[in-house]
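Please open the structure in a viewer and keep the selection panel at hand. The tour proceeds one selection at a time.

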Amino acid sequence: MFELSKQFRFEAAHTLHRAVDAEPSRRIHGHSYRAEVTVRGVADPETGMVVDLGVFERALDAARDGLDHRFLDDLSDLGPGTIENLSAWIWRKVEPACPDIVRVTVYRDSGGDTCTYFGPGNHLRG
Ligand SMILES: Nc1nc2c(c(=O)[nH]1)N=C([C@H](O)[C@H](O)COP(=O)(O)OP(=O)(O)OP(=O)(O)O)CN2
Ligand SMILES: [Zn+2]
């Protein structure tokens, strides 16, 4: 079993309503993001690949195009532009082309912020 990951970067603006730092967060501001998408699977014995990285890249390009240089508040299917919602949004865009996806991590390096989404089927166990 292998895990294969690919990353892309995007720049986006948003506003955010929150309890702390409320005023600067409510103003339009931007961040630089990095996203990593991981698929898990066995390598095809003929090709030696879990998935061709070119196919993987095309699936990620569609997600990147939907986010890069965008105002996240305009995305009707995102909700508040948090790294939580961004990781789930990227999953939803990539999953149809990459059904073996197992996680999406969004990094906001400037603040050391990271969020990993494991898909809609993963719940906390009590
Ligand atoms: N759980 C989450 N909390 C917060 C998120 C988030 O995505 N998930 N996002 C934010 C804001 O985007 C905010 O702008 C980040 O603010 P802060 O951490 O205070 O850092 P800076 O404003 O200094 O951001 P830089 O990128 O370092 O300039 C807040 N909370
Ligand atoms: Zn922000």
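The stops below go from the whole chain to the sheet, the helices, one residue and the ligand.

**The whole protein**

Begin with every residue displayed as a cartoon, bearing in mind that this is a predicted model. The protein has 3 helices and 5 strands, and from the N terminus its elements follow the order β-α-β-α-β-α-β-β. Along the principal axes, the C-alpha atoms occupy a box of roughly 55 × 40 × 25 Å. Of the 126 residues, 21% are buried. Among contacts between residues at least 6 apart in sequence, 66% join residues at least 24 apart.

**The sheet**

Next, select the strands. In what order do the 5 strands of the open sheet lie? The order is β3-β1-β2-β4-β5, and the pairing is mixed. The edges are taken by β3 (70–71) and β5, and each has a single partner strand, so one side of each lacks a neighbour in the sheet.

Now colour the pairs in turn:

- β1 with β2: the two strands are antiparallel and pair over 13 bridges. Phe2 may be labelled here, since this residue stands opposite Gly41 in β2.
- β1 with β3: these strands run parallel and are joined by 2 bridges. Ala13 stands opposite Phe71 in β3.
- β4 with β5: 5 bridges join this antiparallel pair. Tyr107 stands opposite Thr114 in β5.

**The helices on the sheet**

Add α2 to the display. This helix packs on the sheet, where α2 touches β1 (2–14), β2 and β3, and the direction of α2 makes about 20° with that of β1. Then add α3, which also packs on the sheet, touching β2, β4 and β5. The direction of α3 makes about 140° with that of β4.

**Along α3**

Restrict the selection to residues 83–94, the 12 residues of α3. From its first C-alpha to its last, the helix reaches 16 Å, close to the 16 Å expected at 1.5 Å a residue. Which residues of α3 are buried? They are Ile83, Leu86, Ser87, Trp89, Ile90, Trp91, Lys93 and Val94. To see what covers these buried residues, show β2 (29–41), α2 (53–67), β4 (101–108) and β5 (113–117), which are included in the cover.

**Ser87**

Centre the view on Ser87, a residue of helix α3. Why does Ser87 count as buried? The residue has 22 C-beta neighbours inside 10 Å, and therefore counts as buried; the cut-off is 20 or more. Leaving aside neighbours within four places in sequence, Ser87 is in contact with Val104, Thr105, Val106, Cys115, Thr116 and Tyr117. A distance monitor may also be placed from Ser87 to Glu11: the two are 76 residues apart in sequence and 14 Å apart in space, C-alpha to C-alpha.

**Ligand 1**

Finally, select ligand 1 and display its surroundings. Which residues surround ligand 1? The shell consists of Leu16, Arg18, Asp21, Ser25, His31, Thr82, Ile83, Glu84, Arg108, Ser110 and Gly111. Coloured by class, the shell divides into 2 nonpolar, 5 polar and 4 charged residues. Ile83 links this stop with an earlier one, as Ile83 belongs to the shell around ligand 1 and is among the buried residues of α3.

Terms used
Residues numbered from 1 in each chain as written. Chains lettered and ligands numbered in written order. Predicted model: local features only at pLDDT ≥ 70, side-chain atom pairs only at ≥ 80, totals over all residues. Near = placed C-beta within 6 Å. Nonpolar A, V, L, I, M, F, W, Y, C, P; charged D, E, K, R; others polar. Helix = DSSP H or I, 4+ residues; strand = E, 2+ residues; numbered from the N terminus. Expected span 1.5 Å × (residues − 1). Buried ≥ 20, exposed ≤ 12 C-beta atoms within 10 Å, placed from the backbone. Contact = placed C-beta atoms within 7 Å. Pairing = 2+ DSSP bridges. Axes fitted to C-alpha atoms, helices over the stretch in contact; angles between N-to-C directions.
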